[in-house]
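Open the model in your viewer and keep the sequence panel visible. The tour goes from one selection to the next.

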Amino acid sequence: MADSELTQAKLFDVFSNARRRRAVQYLKRQGGTCDLAPLVEQVAAWENDTDPDDVTRTQRRRVYISLYQTHLPMLEDHGIVDWDPDGHEIELLPSEDRFEPYLDRHLEDQRPWHRLYAAVATAGVVAFGLSALAIGPLTTTVAPVVALVVCALILVLSAAQYVSRRPGIDLPFGRPSR
């Protein structure tokens, strides 16, 4: 399929799968070419939130099979990569600027937002529990203040997460989000 035939709908379809997006992103980081083995290791590492050296055989096999049988042939059919299944060599074709907006950014540097929200919620539950039991400085009269602080923290987290997802914006704390 020629580059001119890649409509926005087709690009959305091709890049609707995270594994295909990750494969193309890895190829871009490798200068446009790589062998299948390192691609499989890195994609499996991203999917399992681990280092490539810590990827298990099962995780690697799962990624290998789907890339080999499904994702790389589809990327080749759409003219995004040149894939040699016998030699296990993959080359990103020159149209990469056309599909850049559809790729994930900062794959290995994602902020764990769910952990931040869980920490705020846990702190709020503990503070409410202590105020209900009137343990320590927290009494039932402090409960509205606790609720206000928890809501404010969640609002600040939400705003920070929203801002961090905008392209080209780096927050002064932590790692970027996608």
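Select Tyr68 and show its side chain. In this predicted model, Tyr68 has a relative accessible area of 28%, so it is partly exposed, since that class lies between the buried limit of 20% and the exposed limit of 50%. Now add Tyr64, which at 30% relative accessibility also counts as partly exposed. Both tyrosines lie in helix 4 (residues 57-77), four residues apart, about one turn of the helix.

How are the rings of Tyr64 and Tyr68 placed, stacked or edge-to-face? Their centres are 5.6 Å apart and their planes are at 20°, so the pair is stacked. Add Trp83 to the selection: ring pairs link Tyr64, Tyr68 and Trp83 into a cluster.

The structure holds three aromatic pairs. For another one, select Tyr26 and Trp46, whose ring centres are 6.4 Å apart and whose planes are at 75°, so this pair is edge-to-face. Tyr26 belongs to helix 2 (residues 18-29) and Trp46 to helix 3 (residues 36-47), so the pair ties together parts that are 20 residues apart in sequence. Tyr26, at 9% relative accessibility, counts as buried. Trp46 counts as buried too, at 12% relative accessibility.

Next, look at the nonpolar interior. In soluble globular proteins, nonpolar side chains tend to be buried together. Select Leu39, Leu72, Leu75, Ile80, Val81 and Ile90: these have the most contacts inside the largest nonpolar core, which has 26 residues. Colour the elements that each supply at least two residues of this core: helix 1 (8-14), helix 2, helix 3, helix 4, strand 2 (81-84) and strand 3 (89-92). Which of them gives the most? Helix 3 does, with seven residues.

Apart from this core lies another, of seven residues; select Val120, Ala127, Val150 and Leu157, which are among them.

Finally, select helix 7 (residues 143-164). Helix 7 has 22 residues and reaches 31 Å from its first C-alpha to its last, close to the 32 Å expected at 1.5 Å a residue. Its buried residues are Val146, Val150, Leu157, Ala160, Gln161 and Ser164. Turn the view to look down the axis of helix 7: the buried residues fall within an arc of 100°, so they line one face of the helix. Show helix 6 (113-133) as well, since what covers these buried residues includes that helix. Then select Pro144, Leu148, Cys151, Leu155, Val156 and Tyr162, the exposed residues on the face of helix 7 turned away from its buried side.

Note on methods:
Residues are numbered from 1 along each chain as its sequence is written. This is a predicted model: local features need pLDDT of at least 70, side-chain atom pairs count only at pLDDT 80 or more; totals for chains, interfaces and linings use all residues. Side-chain values use heavy atoms; hydrogens and water are left out. The expected span of a helix is 1.5 Å times one less than its number of residues. Buried means under 20% relative accessible area, exposed over 50%, partly exposed in between (1.4 Å probe, protein chains only). The arc is that of the directions from the helix axis to the C-beta atoms. Contact means heavy atoms within 4.5 Å. Rings of Phe, Tyr and Trp (its six-membered ring) pair if their centres lie within 6.5 Å; planes under 30 degrees apart count as stacked, over 60 as edge-to-face and the rest as tilted. A nonpolar core is a set of buried Ala, Val, Leu, Ile, Met, Phe, Trp, Tyr and Cys residues joined through side-chain atoms within 4.5 Å.
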